[in-house]
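Okay, thanks for having me. I'll go through the sheets and then a few backbone oddities, so let me put it up on the screen.

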Amino acid sequence: MRIFISHSIKNEKIVLKFAEFLESINSEIEVFCSSERGNIGTGKNFVKTIFDELDACDLFIPVLSREYYESKFCMIELGVAYSYLIKKYESNGEDYIFPYALYPVTKSQALAGTPMMNIQVGEINNKEDIRSLLEYIDLERKIHVGTGANRKLHALITEIDQILLKNQNIIEMANIGTYFDDKIDFRCKEDIVKYSIKDNAIVVNYNMNPYERENVKYPNFISMVLGFPDKIDLGRYLDFSDGAEFNFLLTSFTNSLTRIFVEFKHSDGIRPLGTMEFQINYGENKIHIPLKKMQSKALGQIAEICFVIHPADVLEKEGMFQISEITIS
């Protein structure tokens, strides 16, 4: 049995683990891994090569990730595969394509708005979704899947989760916004607080009194928020290490900021799970927050991470700071 896996080269580590797993459950299974470089040599007609491999394959598995959609090669490959295999297999009522979504792409997002939107999508780090493929291989394709497959599957999911967590970019995943207590008189939100992003760092500029008024009421708070509409699971890190920490570097560019609060909110983004307070010095401040302090089921449903300052936290009305190097380790 030959399986064609279509993927982005940027997801190679995960896909190769998946391919090794499939080949390990039965020696009759052979996997062809495609990528932007892949097995198609320079100067060769990649469409012809794809057709040759598709003609030889029994199943086509696209691993749908953000990087997959960004690759012209992958998208052409997916289109060619779908148009070719639908003629080859669908007329006989056979299953031929098993798409898998790679986090943070979700099942519902993976094929939405495409001719393949009605095809069931699995998640490559979901045991039950992989078991469905194994059951199909065993029952429909008559390729025996032995009892050792469960142990191998557990090891595969663990390895994939570790790779995903290590490569997770918190800033890229977030909807970023700045907010403040708006019960004050202001002409433009950006006069009070604004942000910019450069080189995976967020720079925040704030001004408690932008119009130089006397006896003005300062905002009760100013906040830079990382929002996660699909929620982010920080509890998974504790599955691998009790000492897992949320880390970031706060660089204070002005000698104004003296303290910052970091709030983790869950579910609807209103309920706080934990609030930590940190003294800030001029220059670089490395912050470490042990996740174990907030260990609960809610840690798996983080909706917002907020960086908050209050009037009492600043020495001068105006200042600038940067949040960068966000990691979880």
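So, to begin: in what order do the strands run in the open sheet that contains strand 15 and strand 10? Keep in mind that this is a predicted model. Going across the sheet, you get 7-8-15-10-13, five strands with antiparallel pairing. Strand 7 and strand 13, the latter at 283–290, are the edge strands, and each of them pairs on one side only. If you care about twist, neighbouring strands here are turned by 20° against each other on average, ignoring direction.

Let me zoom in on one pair in there. Strand 10, residues 245–252, and strand 15, residues 318–328, run antiparallel and are joined by 6 bridges. If you want a specific contact to click on, take L250, whose bridge partner in strand 15 is I323.

Now the other sheet. This one is also open, with 5 strands in the order 6-9-14-11-12, and the pairing is antiparallel. At its edges you find strand 6 (175–180) and strand 12 (271–279); each has a single partner strand, so one side of each has no neighbour in the sheet. The average turn between neighbouring strands of this sheet is 20°, again with direction ignored.

And who sits beside strand 6? Which strand is joined to strand 6 by 6 bridges? That's strand 9, residues 222–232, running antiparallel to strand 6. One of the bridges to look at has G177 partnered with V225 in strand 9.

Right, backbone geometry. As a reminder, most residues other than glycine have a negative phi, and most peptide bonds are trans. So here are some exceptions to that general picture.

Exception number one is a cis peptide bond between Y103 and P104, with omega at about 10°. You'll find P104 in the loop that goes from strand 4 (100–101) to helix 5 (107–110).

Next up, K142, which isn't glycine but has a positive phi, near 60°. K142 is in the loop between helix 6 (127–139) and helix 7 (149–167). Is K142 buried or exposed? Exposed, with a relative accessible area of 66%.

Then there's N200, another non-glycine residue with a positive phi near 60°. N200 takes us back to the sheet I started with, in that its loop links strand 7 (193–198) and strand 8 (201–207). N200 is partly exposed, at 37% relative accessible area.

That's my tour; happy to rotate things if anybody wants a particular view.

Key: Residues numbered from 1 in each chain as written. Predicted model: local features only at pLDDT ≥ 70, side-chain atom pairs only at ≥ 80, totals over all residues. Heavy atoms only, no water. Helix = DSSP H or I, 4+ residues; strand = E, 2+ residues; numbered from the N terminus. Buried < 20%, exposed > 50% of the residue type's maximum accessible area, 1.4 Å probe, protein only. Pairing = 2+ DSSP bridges. Axes fitted to C-alpha atoms, helices over the stretch in contact; angles between N-to-C directions.
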